[in-house]
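Student: Could we go through this structure together? I would like to begin with the way its chains meet.

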Number of protein chains: 2
Amino acid sequence: ADPEAGRKLAAQCKTCHGLDGIATIPIAPNLAGESQIYIQNQLKAFRSGKREHEMMTVVARDLTDQQIADVAAWYESIEVTAKLPE
Amino acid sequence: ADPEAGRKLAAQCKTCHGLDGIATIPIAPNLAGESQIYIQNQLKAFRSGKREHEMMTVVARDLTDQQIADVAAWYESIEVTAKLPE
């Protein structure tokens, strides 16, 4: 998988999921730092119809396995850190 | 929703999703900083069967709306920051 190719593909994700993978709207999840395998599994589930979402079903429909792997590798490459509330 | 009650409930999530909401296994997503509404939507989808996952279907089955709101509020209260690769 090629994270750099994935970064380019992710241009179409940024309106909802954010340029850095931190979502811009509450109904969309953050993708920053999610594992490649998790994102792949979800995109393939949207593509096959196993997981349903009005927007994501359309987005995933035309992605190849390679594109899915690349975009998933891109989001995995973003480092996230979590800070618990005091 | 009560994030402190949610923090206690989240004890059952930590094996896979991490004490701080950063997943411990690749097939599980990070939950740290996800919006309350996103997590609520997913837990309710698992509970109703709309979204399927061997483990999560079982976990969500017995949660009340209040418990779902609380645990979702807990994860929302964790602050995440993302760092793009150089």
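Tutor: The following exchange takes up the interface, then a few local details.

Tutor: Please keep in mind that this is a predicted model.

Student: Understood. By what turn can chain A be laid on chain B?

Tutor: A turn of 180° with a shift of 0.0 Å along the axis lays chain A on chain B, and the RMSD is 0.0 Å. That is the relation of a two-fold axis. The same surface also serves both copies, since 100% of the contact residues of chain A recur in chain B.

Student: And how many residues are in contact?

Tutor: On chain A there are 28, and they are in contact with 28 residues of chain B.

Student: What is the area buried between chain A and chain B?

Tutor: It is about 2,400 Å², and carbon and sulfur atoms give 54% of that area.

Student: Which elements of chain A supply at least two residues each to the side that touches chain B?

Tutor: They are α3 (36–48) and β1 (79–83) of chain A. The largest share comes from β1(A), with five residues. By residue class, the side of chain A that touches chain B divides into 15 nonpolar, six polar and seven charged residues.

Student: With charged residues there, how many salt bridges does the rule find across the interface of chain A and chain B?

Tutor: The rule finds zero salt bridges across that interface. It does find 13 residue pairs in polar contact there, both residues being at pLDDT 80 or more.

Student: Back to β1(A). Does it run parallel or antiparallel to β1 of chain B?

Tutor: The two strands run antiparallel, and five bridges join β1(A) to β1 of chain B, residues 79–83.

Student: Which residue stands opposite E79(A)?

Tutor: K83(B), in β1(B), stands opposite E79(A).

Student: Changing topic: how many salt bridges are found over all chains?

Tutor: The search of the whole structure finds four. One pairing is that of E4(A) and R7(A), whose side chains meet in a salt bridge at 2.7 Å, N to O.

Student: Where do E4(A) and R7(A) lie?

Tutor: Both lie in helix α1 of chain A, residues 3–9, and they are three residues apart, about one turn of the helix.

Student: Last one, on chain B. What does L9(B) touch, leaving aside residues up to four places away in sequence?

Tutor: L9(B), which lies in helix α1 of chain B, touches Q67(B), D70(B) and V71(B) on that count. Its C-alpha atom is separated by 9.9 Å from that of L63(B), and L9(B) and L63(B) are 54 residues apart along the chain.

Terms used. Residues are numbered from 1 along each chain as its sequence is written. Chains are lettered from A and ligands numbered from 1 in the order in which they are written. This is a predicted model: local features need pLDDT of at least 70, side-chain atom pairs count only at pLDDT 80 or more; totals for chains, interfaces and linings use all residues. Side-chain values use heavy atoms; hydrogens and water are left out. Copies are superposed by least squares on the C-alpha atoms of residues with pLDDT of at least 70 in both. Contact means heavy atoms within 4.5 Å. Buried area is the accessible area (1.4 Å probe) that two parts lose on being put together, summed over both. A polar contact is a pair of N or O atoms within 3.5 Å; within protein, one must be able to donate a hydrogen and the other to accept it, and residues adjacent in sequence count only if both atoms are side-chain atoms. Helices (H or I, at least four residues) and strands (E, at least two) are DSSP runs, numbered from the N terminus. Ala, Val, Leu, Ile, Met, Phe, Trp, Tyr, Cys and Pro count as nonpolar, Asp, Glu, Lys and Arg as charged, and the others, Gly among them, as polar. Two strands pair if DSSP finds at least two bridges between them.
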